[in-house]
Protein chains: 2
Amino acid sequence: MNVGILGLGLIGGSIGVDLMRQINVHVFGIDKNPKHEKIALDRSLIHSTISLEECLETIHLLILAIPVNSIAEILPIILDSMPENLVVMDTGSTKMSICKTVMHHPKRGRFVATHPIAGTEYSGPEAAVKGLFYDKKTIVCEPEKSDRDALEMVLNLYHALGMIPLYLTPEDHDRQLAFVSHLSHVTSFALSKTVLEVEKDDHRIFSLAGSGFSSTVRLAKSNPHTWKAIFIDNQSFVLEALDAYILQLENFRELLSAKQSKSIEDYLLKSQEIQRIL
Amino acid sequence: MNVGILGLGLIGGSIGVDLMRQINVHVFGIDKNPKHEKIALDRSLIHSTISLEECLETIHLLILAIPVNSIAEILPIILDSMPENLVVMDTGSTKMSICKTVMHHPKRGRFVATHPIAGTEYSGPEAAVKGLFYDKKTIVCEPEKSDRDALEMVLNLYHALGMIPLYLTPEDHDRQLAFVSHLSHVTSFALSKTVLEVEKDDHRIFSLAGSGFSSTVRLAKSNPHTWKAIFIDNQSFVLEALDAYILQLENFRELLSAKQSKSIEDYLLKSQEIQRIL
């Protein structure tokens, strides 16, 4: 089987490096940044590079691993111009706008909308790692709108990566991710910016930072282009999550201002219930 | 040397287990919770238990590893009643109020104010681990107010644990920690509470949570008693840090509401500078 990966960053590159171990799979890589293509070849994330036009004539499956706004832009164009039997899947962190952009496309059945829940705070082909997806969940949206063979091909791919498929509507996906992923990124970006601001007047501020700080702020290292696109694409759910979060902070602020010892303890005890989940 | 540890939680227990490997050191443990004393004995975090009164007559060094409000309460009482030569140190996460409470005490010189910057989100003697402090920093405040022999004994202890001492005024310590530790805990507690609230209406909300969420929320598992005391004790600096953080979130909220793509990217790029530190 010939697979094309468009976008050789953390996700595309990590899919590539795992597929390279599959028997009888040839992995073509395409990235608008020639440096990324070179690194992907040097690191054996792909077998070879190719142009997108040529690729469409050669492959059986195309994986879109580019920012979500770019997926929504390019997906209808690819469906328009590609051969009838090609299967296209995406890996984007939002699903509503991507599914909507092709909902009436005559080749909608050739597309499978997915989101593998895996990643690190690093980006680019240098960040690609083997086994990133192993034993993690992947979301498949609107499986009923994909042709049976297309869905099967994509599920086989995820099976090969060691992923467990879950099915969700695009709306449920986008709302849930806003709370358990996108909001975490906002909290990290804002925490980073808060302490970097303090650093301007107090150069030693980071000298006492320990593992707790690192843990809460590490997502701020994530790719700004990728995350700008996700936040804007999922704007209304991210704002809903952010508003709920700010309310919780203001709640805590009020209790602390009044040194309401008992209520602060109740607040922290309630928060600690996260132990049940993690 | 005989060492007494008052408070056999994560910090006290982890100091104990490392000291147990030292030659010619006997480690006495004291905890108001008899279960904690039993676990500490069972896990070999201490050699034996003892009452605080007896302990003061037997040991050379007393380590206070209890919540910061309890340290501030008990420290003057211990200084009042203990033998002249005993050395007392604390491990509290705030330093201003503790130092202030004994600033005019006739035995101030026997006390060394410290804060080892190490920990995990777990608590109690079950959470104690070997090597927790190795290669980490420990803060010493007001070393000039401690007797030379007392300071030397405490520095030797931290050297034995593998820690690197740094010197800070209590005020600088408390302000810096508010930004790089206490604020991180507030962000985690509030994030946990936000998503737990959503869970009431959407039971599946956590099914998609990945490593990013875990990382940003793990501090919410921290001990509510310990952290209530820290927040209240360091109230003004924690509120300063929290206000700066809420401002950054509101800033981001405004940009996202207006879908100001370029400004959002600038915000994220600026946040990403944390790479320079971590």
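**Exercise 1. Contacts and overall build of chain A**

Task: For the contacts in chain A with a separation of 6 or more, find what share comes from residues 24 or more positions apart, and then describe the extent and cover of the chain.

Solution: In this predicted model, 71% of the contacts in chain A with a separation of 6 or more are made by residues 24 or more positions apart. The next step is to take the dimensions, and here the C-alpha trace of chain A spans about 65 × 40 × 30 Å along its principal axes. Turning to cover, 59% of the 278 residues of chain A count as buried, while the accessible surface of the chain comes to about 11300 Å², with 52% of that surface belonging to carbon and sulfur atoms. As for charge, chain A carries 27 positive and 34 negative side chains, and the centres of these two sets lie 5 Å apart.

**Exercise 2. The sheet of chain A**

Task: Work out the order in which the eight strands of the open sheet in chain A are arranged, and decide which strands stand at the edges.

Solution: Begin with the inventory, since the secondary structure of chain A comes to 11 helices and eight strands. Eight strands form an open sheet in the order β3-β2-β1-β4-β5-β6-β7-β8 of chain A, and the pairing is mixed. The edges are held by β3 (48-49) and β8 (164-168) of chain A, each of which has a single partner strand, so one side of each is left without a neighbour in the sheet. In general, the strands of a sheet pair through backbone hydrogen bonds, in either the parallel or the antiparallel sense.

Now follow β2 (residues 26-30) of chain A, in which four of the five residues are buried, so that the strand is mostly covered. With β1 (residues 2-6) of chain A, β2(A) pairs in the parallel sense over five bridges, and Ile30(A) in β2(A) is the bridge partner of Leu6(A). Two bridges join β2(A) to β3(A), and these strands also run parallel; here Phe28(A) has Ser48(A) of β3(A) as its bridge partner.

**Exercise 3. A helix enclosed in chain B**

Task: Establish how many of the residues of α1(B) are buried, and identify what these residues pack against.

Solution: The count comes to 10 of the 10 residues of α1(B), so the helix is largely enclosed by the rest of the structure. Among these buried residues are Leu10(B), Ile11(B), Ile15(B), Val17(B) and Asp18(B). The elements that the buried residues of α1(B) pack against are β1 (2-6), β2, β4 (61-64) and α6 of chain B.

A single residue makes the picture more concrete. Ser14(B) is found in helix α1 (residues 10-19) of chain B, and its relative accessible area of 0% places it among the buried residues. Leaving aside residues up to four places away in sequence, Ser14(B) touches Gly9(B), Ala128(B), Val129(B), Leu132(B) and Phe133(B).

**Exercise 4. Three loop residues of chain B**

Task: For Asn24(B) and Glu142(B), decide whether each is buried or exposed, and then locate Gly124(B) and its contacts.

Solution: Asn24(B), which lies in the loop between α1 and β2 (26-30) of chain B, has a positive phi of about 65° although it is not a glycine. Its relative accessible area is 66%, and because the cut-off for exposed is over 50%, Asn24(B) is exposed. Glu142(B), in the loop between β7 (137-141) and α6 (148-161) of chain B, likewise has a positive phi, of about 50°, without being a glycine. At 13% relative accessibility, however, Glu142(B) falls under the 20% limit and therefore counts as buried.

Gly124(B) belongs to the loop between β6 (111-116) and β7 of chain B, and with a relative accessible area of 12% it is buried. Its C-alpha atom is separated by 9.1 Å from that of Gly7(B), although the two residues are 117 residues apart along the chain. Not counting residues up to four places away in sequence, Gly124(B) touches Leu8(B), Gly9(B) and Leu10(B).

**Exercise 5. A helix covered by both chains**

Task: Determine which residues of helix α11 of chain B are buried, and what covers them.

Solution: In α11 (residues 261-271) of chain B, the buried residues are Ile264(B), Glu265(B), Tyr267(B), Leu268(B) and Ser271(B). Seen down the axis of α11(B), they fall within an arc of 155°, so they line one face of the helix. Their cover includes α7 (170-199) and α9 (224-233) of chain A, together with α10 (235-257) of chain B.

Terms used
Residues numbered from 1 in each chain as written. Chains lettered and ligands numbered in written order. Predicted model: local features only at pLDDT ≥ 70, side-chain atom pairs only at ≥ 80, totals over all residues. Heavy atoms only, no water. Buried < 20%, exposed > 50% of the residue type's maximum accessible area, 1.4 Å probe, protein only. Contact = heavy atoms within 4.5 Å. Areas by Shrake-Rupley, 256 points an atom, 1.4 Å probe, with all protein chains shown as cover. Lys, Arg positive; Asp, Glu negative; His and termini not counted. Charge placed at Lys NZ, Arg CZ, Asp CG, Glu CD. Arc of directions from axis to C-beta. Pairing = 2+ DSSP bridges.
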